[in-house]
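Please open the structure in the viewer and keep the sequence panel visible. The tour below proceeds by selections, each followed by a description of what is found there.

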Amino acid sequence: MDFEPVIGLEVHAQLTTKSKLFCACSTEFNAPANAHVCPVCAGHPGTLPVLNAKAVEHALKAALALDCKVNLRSVFARKNYFYPDLPKGYQITQFDLPICQHGHLDIEVGTRSKRVGITRIHMEEDAGKSVHAQGYSLVNLNRAATPLIEIVSEPDIRSAEEAGAYLRKLRIKNVNSFRFVEKAIDYEINRQTQLIQSGGQVLQETRTYDSGKGVTISMRGKEEAHDYRYFPEPDLIPLMISQETLETVRSKLPELPDQKRDRFIAELGIPAYDSAVITSSRKLAEFFEVAVSRCGNAKAVSNWVMGEMLRLLKLDEREVDDMEMQPDELGALIRMIDAGTISNTIAKTVFEEMYKTGQDPEAIVKEKGLMQISDTSAILQAIDKVIAGNAGQVAEYRSGKDKLMGFFVGQVMKQMGGKANPGVVNELLKRKLGATS
Ligand SMILES: [Zn+2]
């Protein structure tokens, strides 16, 4: 029996505001426990929430970036449940009238492009954090009422790889989580397939992924599903967004990945496939642009990034932001190749060293004596040796077998440890071999 995995994702993203969603408390990360709490976010009776305008602006940016239809009138709702880290006894979120709906995100998987529908994006506040110790629990309310959006996708995703591409394009910061999501999805596809094949039934439940063991574990079954009893938040009037506000936000949108991809193709002349890969991650696109600005050779940067760099990163299971090598250094390496200071072969060695140590390419070349030799007398010496040692081939070449030129170039390069300037070698070889002695 064949199965088709049908996957939808709900992604929570924090809106990067300085203060919380309904009060002036700071959203600073890693502050001492309960340093950022006030009567509003601690849920004291009689306090009233005031909506953070900056959070609305950020949510609108997400809405526009994902081509959503913005609801010019949206409503906040109370989602009721009891938990120690939720002091009000309810979470303020949006329910039947979210800030936007019906968007989409185009993802690239391999060479194929695919559209994933966005059902809705709604604004909500985060809960606090419970810390469980031996025999007692502590609550930290620093995160309580931190502004979030929840991005809900249509069930358009068909594999772990597509889910990974979707999350990367949404640019979720926690890099490790991508791989865990992919592994968890693959695990679930196998588990559910086997379950159905052995006559079982897949239950609707909440499962968690144990990254250490590489398995998913049931947390809550349907029988324990909460009845949240949503109702409109009486302390907040409906959120009205004017067309003018929407246009102001639109004008402030940064360049989106697809626009960047098209610009790299049009302005920098790199292949469409390369551009799609490079702009699939903001960090990678930034790395690329800085390197290009340092050497002015976009094609070469694209080749190094798409080839050696991504190959090594994949091998090490690392991402571009935890790499030692900086874009300035790649730019400098390409400048050295373009100036003929080092050959392409040597550059590969230098690149590997740069990748490993983050060292400057000029320092590596100097330290390891890898400078390309353009000095004709040294090259001529090597040529003489090669000619003396390969009389047969020399005769064949001189009788018209031009193809042997590659062989001679190779031999001379070998003599010189790959450091000879190939242009000079070619020219001198032609001269030497052309002359019948
Ligand atoms: Zn507060």
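Two strands are taken to pair if DSSP finds at least two bridges between them. With that criterion in mind, select strands 5, 4 and 13 of this predicted model. They form an open sheet of three strands in the order 5-4-13, with antiparallel pairing. Strand 5 (90-94) and strand 13 (231-232) lie at the edges; each has a single partner strand, so one side of each is left without a neighbour in the sheet.

Next, restrict the selection to strand 4 (residues 76-80) and strand 5, which are joined in the antiparallel sense by five bridges. Within this pair, display R78: opposite this residue, in strand 5, stands I92.

Now move to the open sheet of five strands, whose order is 1-10-7-6-2 and whose pairing is antiparallel. Which strands stand at its edges? They are strand 1 (10-14) and strand 2 (69-70), each with a single partner strand, so one side of each has no neighbour in the sheet. Select strand 1 together with strand 10 (residues 147-153); the two run antiparallel and are joined by five bridges. To see one position in this pairing, show V11, whose bridge partner in strand 10 is I151. Then add helix 2 (residues 160-170), which packs on the sheet and touches strand 1, strand 6 (100-109), strand 7 (112-125) and strand 10. The direction of helix 2 makes about 115 degrees with that of strand 6.

The next stop is A33, in the loop between strand 1 and helix 1 (53-65). Is this residue buried or exposed? A33 is partly exposed, because 14 other C-beta atoms lie within 10 Å, a count that falls between the limits of 12 or fewer for exposed and 20 or more for buried. Select L141 as well: A33 and L141 are 108 residues apart in sequence, yet their C-alpha atoms are 7.3 Å apart in space. Neighbours within four places in sequence aside, A33 is in contact with N140 and N142.

Zoom out to the whole protein chain, which is divided into domain 1 (10-172 + 224-251), domain 2 (257-368) and domain 3 (377-434). The centres of domain 1 and domain 3, taken over C-alpha atoms, are separated by 69 Å.

Finally, colour the protein chain by pLDDT. The mean is 90, and 97% of the residues reach 70 or more. Confidence is lowest in strand 12 (residues 215-221), with a mean of 84, and highest in strand 2, at 97.

How values were computed:
Residues are numbered from 1 along each chain as its sequence is written. This is a predicted model: local features need pLDDT of at least 70, side-chain atom pairs count only at pLDDT 80 or more; totals for chains, interfaces and linings use all residues. Helices (H or I, at least four residues) and strands (E, at least two) are DSSP runs, numbered from the N terminus. Two residues are in contact if their C-beta atoms, placed from the backbone, lie within 7 Å. Axes are lines fitted to C-alpha atoms, for helices over the stretch in contact, and angles run from 0 to 180 degrees between N-to-C directions. pLDDT is the predictor's confidence in each residue, from 0 to 100. Domain bounds come from an automatic or database domain assignment.
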